[in-house]
Amino acid sequence: MKRFNWIYILFLTIQLSAQNQLIAPLDIPLFMSGSFAELRSNHYHSGVDFKTNEQIGLPVYSVDEGWISRIKISPWGYGNAIYIDHPSGITSVYGHLNNFIPEIEKLIRNLQYQKRSESIDQYFQKDEYKINRGQVIAFSGNTGGSGGPHLHFETRRTNNQEPFNPLSLGFDVQDHRHPIIRNLMVNFNNNQKIIPVNRINDSLYSIESLVELPQKYLRLSVDIIDFSDGSPNKLGVNEIEFIVNGIIIYTFNIDQFSFDISRYVNAHIEYAYFKEKGTRYHKLYTEPGDLSNLYPINQDFEIPYGEEIPCQLNIVDSKGNRSVLNFNVLAKKEEVAKESKIKFLNDQLIDYTQSYHINYNHLILDFAKNSFYRNFYLSYKEIADSSLTGHLIFQIHKDTEPVHKYFKMKYKNPNIQGVDRHKICFAEIENGQLSYVSTKHEKDYIVGSSRNFGNFTLFVDTVAPRISFKSDIRVNESRIISFNVADNFSGVDYYNAYIDGNWVLLKYDYKNKALYYQLDDYLMANGQERTMKVLVKDALNNASEYIYKFIY
């Protein structure tokens with residue numbers, strides 16, 4: 001009888017497990033173009049990118065029953081995105097959507113007209129808008145910061161909104177390929193030596209020669225890429241384990257993380273090498289200012305001089321595929337020239353744990369504490385006569401040093417004859433090109449904010465955005481009126497449209513530099529001539545207006 005009870009309980013457990021497994025968000029084989037926690041520019045990737053066969057408009061399904069908890073619409077970021085909370089304590093997120101099912105489209109459209117804004121970020125109460133398991137909720141797209149049609153899919157813990165690896169929930173993603181270990185890097189005094197890796201088979205690698213170290217402490221980094229079945233896209237890895245002489249001295253684990261620590265990716269990688277060469281190496285050590293919680297084990301290991309020590313690297317991707325690298329290290333006692341850190345007389349020693357208010361000749365720099373990942377000497381120079389703008393160039397250190405928090409640069413309001421001071425802003429100079437730096441005017445100062453070092457200058461922007469008509473004039477057939485819009489510098493910051501004095505919903509596609517208005521129920525047809533006024537402003541409040549007349 002007891003045996004029967006155990007069999008019955010096991011049967012029920014298997015049934016419940018099958019019922020609780022989430023269904024796929026797409027009704028096509030799931031192939032990845034981006035993996036969870038992949039190293040991205042200034043962040044860890046918070047979800048999985050599923051391919052949509054380079055198409056827009058594939059049905060997107062809710063992976064389980066639940067309720068809409070949030071809808072966010074923006075020209076940037078995730079574009080059109082919906083968040084669904086599930087009874088299991090998981091929130092599923094679907095981004096870069098093209099459009100939604102009619103009921104949700106109507107809800108969004110009403111909110112946009114209430115707020116008079118395309119961009120909305122609306123939260124909802126539990127069970128306010130219920131969703132069924134497997135219900136079509138939207139259609140895949142390429143909105144926001146997407147570089148091509150795909151579905152950005154996330155799973156988060158509802159209680160803290162921390163994303164975790166969706167593949168841990170059993171989605172049928174075909175991935176039998178092991179991570180590829182390409183190179184090892186030895187770091188010393190800001191110098192790097194690249195050591196090629198030999199591939200023995202799909203999952204085993206070695207370095208035949210001794211890895212010689214000019215110091216007793218290990219400062220190694222590794223270049224890793226990964227692929228999944230049926231996809232040429234480079235992916236990331238989720239676990240790294242570094243074993244030295246049989247002792248685990250370092251582990252990196254990113255099956256879940258908080259958005260607050262995402263920018264620490266710049267501390268995790270060899271940032272200077274990435275800026276110069278374009279390849280992201282995973283460090284096998286941590287910077288003192290890396291305050292993330294991604295390293296369960298992290299300890300220094302001192303290598304005895306003259307002793308050959310075995311090392312092993314274990315690498316695991318988001319599907320659990322593992323690769324191993326074996327090599328030996330030897331610390332050689334050599335006289336090595338000390339690193340010269342002070343480059344100029346006015347170099348400032350920066351303690352990453354402190355805040356700073358530094359007065360230079362023409363510029364004030366304000367740094368909050370924990371803005372950096374290590375101590376370093378900050379260099380600064382002022383160069384006269386910028387050929388680009390005619391103003392001083394402020395050379396603030398080097399862009400190879402990562403910055404974690406926004407810092408402020410303050411310039412006392414210059415007196416430029418005939419120019420409104422509110423049209424003066426900071427600009428960054430990179431490869432001979434100017435780009436806008438977020439700028440405010442505070443009392444007597446022009447204040448710029450940035451999260452990277454480099455060359456900066458002042459720029460005067462008095463040119464308004466340009467608007468021109470784009471769409472076919474046969475409005476009744478296309479039901480879409482579109483306009484080309486472009487700005488020469490600070491970018492489109494505000495856009496609105498009115499028809500016969502009434503606000504209408506205008507959509508901005510920054511990738512195609514276009515504004516769209518789709519005729520909707522808020523505009524009743526009467527066969528009369530209509531006057532449409534389009535208003536566009538840039539970040540410095542330079543404004544343009546365009547009038548378009550049509551019959552509807």
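This passage describes the overall build of a predicted protein model and then turns to one of its sheets.

The protein comprises 552 residues, and its secondary structure consists of 5 helices and 45 strands. Along the principal axes, the C-alpha trace extends over about 90 × 90 × 35 Å. Of the residues, 48% count as buried. Among the contacts with a separation of 6 or more, 68% link residues that are 24 or more positions apart.

The outside of the model can be described in similar terms. About 27200 Å² of the protein is exposed, and carbon and sulfur atoms supply 47% of that area. As for charge, there are 58 positive and 63 negative side chains. The centres of these two sets lie 3 Å apart.

A closer look at one sheet helps to show how strands are arranged. Strands of a sheet pair through backbone hydrogen bonds, in either a parallel or an antiparallel way. Here, 3 strands form an open sheet in the order 5-12-9, with antiparallel pairing. Strand 5 (59-61) and strand 9 (99-100) stand at the edges with a single partner strand each, so one side of each is left without a neighbour in the sheet.

The pairing of strand 9 can be followed down to single residues. Its partner is strand 12, which covers residues 136-139, and the two are joined in the antiparallel sense over 2 bridges. Which residue of strand 12 is the bridge partner of Phe100? That residue is Ala138.

Key
Residues numbered from 1 in each chain as written. Predicted model: local features only at pLDDT ≥ 70, side-chain atom pairs only at ≥ 80, totals over all residues. Heavy atoms only, no water. Pairing = 2+ DSSP bridges. Helix = DSSP H or I, 4+ residues; strand = E, 2+ residues; numbered from the N terminus. Buried < 20%, exposed > 50% of the residue type's maximum accessible area, 1.4 Å probe, protein only. Contact = heavy atoms within 4.5 Å. Areas by Shrake-Rupley, 256 points an atom, 1.4 Å probe, with all protein chains shown as cover. Lys, Arg positive; Asp, Glu negative; His and termini not counted. Charge placed at Lys NZ, Arg CZ, Asp CG, Glu CD.
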